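The following exercises call for close reading of one structure. Each task is followed by a solution in steps.

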Amino acid sequence: MASSTASDTLHKEKHITFIIDQESNRSYEYWLSEHLRMNGLYWGVTALITMKSLNDTTLPQEDVIKYVLSCWDDRFGAFGSFPEHDAHILSTLSALQILKIYDSGLSMLTKDQKQQLVKFIKGLQLPNGSFQGDRFGEVDTRFTYTAVSALSLLDELTVDVVDPAVDFIMRCLNFDGGFGLVPGSESHAAQAFVCVGALAIMDRLNVLTHDLPERISSWLSERQVLPSGGFNGRPEKLPDVCYSWWVLSTLSILGRSHWVDLYKLEGFILSCQDPVYGGISDRPDNQTDIYHTCFGITGLSLIDHSKFDLDEIDPVYCMPKSVTKGFRKWKQDE
Ligand SMILES: [Zn+2]
């Protein structure tokens with residue numbers, strides 16, 4: 001359980017142990033979470049590399065890569081979350097992010113696999129510019145970000161995908177300055193990140209004209225709940241550590257992270273740590289998990305990476321800048 005005791009210490013060693021235990025402990029919960037295994041591995045790898053602790057002692061590279069490649073779904077030409085699972089865009093992005101951390105050239109994939117991946121991802125885009133998560137047809141701006149980011153990691157982001165994707169994102173922008181899952185749906189902080197983040201990857205932040213950057217940033221700033229200092233995802237909701245990432249990354253992309261009280265946010269994240277067994281929870285005194293551990297640590301990196309001796313995180317890709325600095329956001333003409 002996390003402790004609500006005020007603290008300005010990041011219990012890094014405990015968190016590393018917590019993450020290693022998640023990966024090695026084949027508990028009942030582990031098998032229940034098969035559909036999230038690839039995402040979970042990405043959260044673990046990202047938390048470790050941000051803490052400058054991704055190495056063969058914490059998480060053997062060979063095992064990680066072997067697991068990722070074992071989730072390849074040959075029928076659809078992309079990655080599932082678990083061996084024998086159907087491919088999905090979410091597990092495909094997590095797989096590519098993990099592989100990219102180990103080798104920016106993605107040499108573990110064959111040329112044919114890369115071509116199949118591009119075909120799979122582009123095949124999920126609908127005529128209105130939106131993306132489905134898989135062939136079952138659910139549409140969500142989250143899948144737009146995921147597809148755009150994955151194509152960018154493959155260096156295959158092209159204008160035929162970008163133009164309709166930008167149109168769709170802009171139709172999901174609400175009058176209040178928030179973004180929804182689909183046009184007309186309620187504003188939600190995670191949707192702000194996926195929409196603004198996708199625009200950043202596509203180098204199209206310039207479509208946010210007039211007062212739009214301010215309006216979006218105002219809505220995001222209102223997510224800070226006082227006196228705790230944590231962020232919520234929607235008005236009237238409780239604060240939650242994962243929104244530290246969704247909200248602050250978006251404000252960072254828009255150059256307005258100073259619009260919120262970063263010191264109070266930092267205090268909130270640190271108060272959600274379990275100082276005994278490690279890990280970070282959504283709120284003080286709740287059960288810790290790998291998802292909130294990842295986004296608590298990446299949130300602290302956004303606030304002040306040098307203070308906690310963390311690697312500097314890229315707010316657009318949610319990977320360390322040491323990894324993303326060589327990324328070409330657009331496919332270059334050969
Ligand atoms: Zn959460």
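**Exercise 1. Is Leu106 buried or exposed, and what is the sign of its phi?**

Step 1. Leu106 has a relative accessibility of 3%, so it counts as buried; buried means under 20% relative accessible area, exposed over 50%, and partly exposed in between, with a 1.4 Å probe and protein chains only.
Step 2. Although Leu106 is not a glycine, its phi is positive, at about 50 degrees.
Step 3. Leu106 is located in the loop between helix 5 and helix 6 (111-122). Helices (H or I, at least four residues) are DSSP runs numbered from the N terminus.

The model is predicted: local features need pLDDT of at least 70, side-chain atom pairs count only at pLDDT 80 or more, and totals for chains, interfaces and linings use all residues. Residues are numbered from 1 along each chain as its sequence is written, and side-chain values use heavy atoms, with hydrogens and water left out.

**Exercise 2. Determine whether Asp203 is buried or exposed, and state its phi.**

Step 1. Asp203 has a relative accessible area of 56% and is therefore exposed.
Step 2. Its phi is near 60 degrees, a positive value in a residue other than glycine.
Step 3. Asp203 belongs to the loop between helix 9 and helix 10.

**Exercise 3. Which residues coordinate the zinc ion, and which parts of the chain does the pair Asp240 and His292 tie together?**

Step 1. The ligands of the zinc ion are Asp240 (OD), Asp240 (OD), Cys242 (SG) and His292 (NE2), at 2.2 to 2.4 Å. Donors are N, O and S atoms within 2.8 Å of the metal (3.2 Å for Na, K and Ca); water is not among the atoms, so sites may look incomplete.
Step 2. Along the chain, the donors follow the spacing D-x1-C-x49-H. Asp240 lies in the loop between helix 10 (212-221) and helix 11 (242-253), and His292 in helix 13 (residues 290-304), so the pair ties together parts that are 52 residues apart in sequence.
Step 3. Asp240 counts as buried at 12% relative accessibility, and His292 counts as buried at 9%.

**Exercise 4. Locate Ser301 and Cys294, and identify a partner of each.**

Step 1. Ser301 is part of helix 13, and its relative accessibility of 2% makes it buried.
Step 2. The side chain of Ser301 reaches the backbone nitrogen of Ile313 at 3.0 Å.
Step 3. Cys294 is also part of helix 13 and is buried, at 0% relative accessibility.
Step 4. Between the C-alpha atoms of Cys294 and Leu48 the separation is 8.4 Å, although these residues are 246 residues apart along the chain.

**Exercise 5. Which residues joined by a cis peptide bond can be found, and where does the proline lie?**

Step 1. Leu226 and Pro227 are joined by a cis peptide bond, with omega about 10 degrees.
Step 2. Pro227 is situated in the loop between helix 10 and helix 11.

Definitions and conventions: Helix = DSSP H or I, 4+ residues; strand = E, 2+ residues; numbered from the N terminus. Polar contact = N/O pair within 3.5 Å; in protein donor to acceptor, adjacent residues only side chain to side chain.
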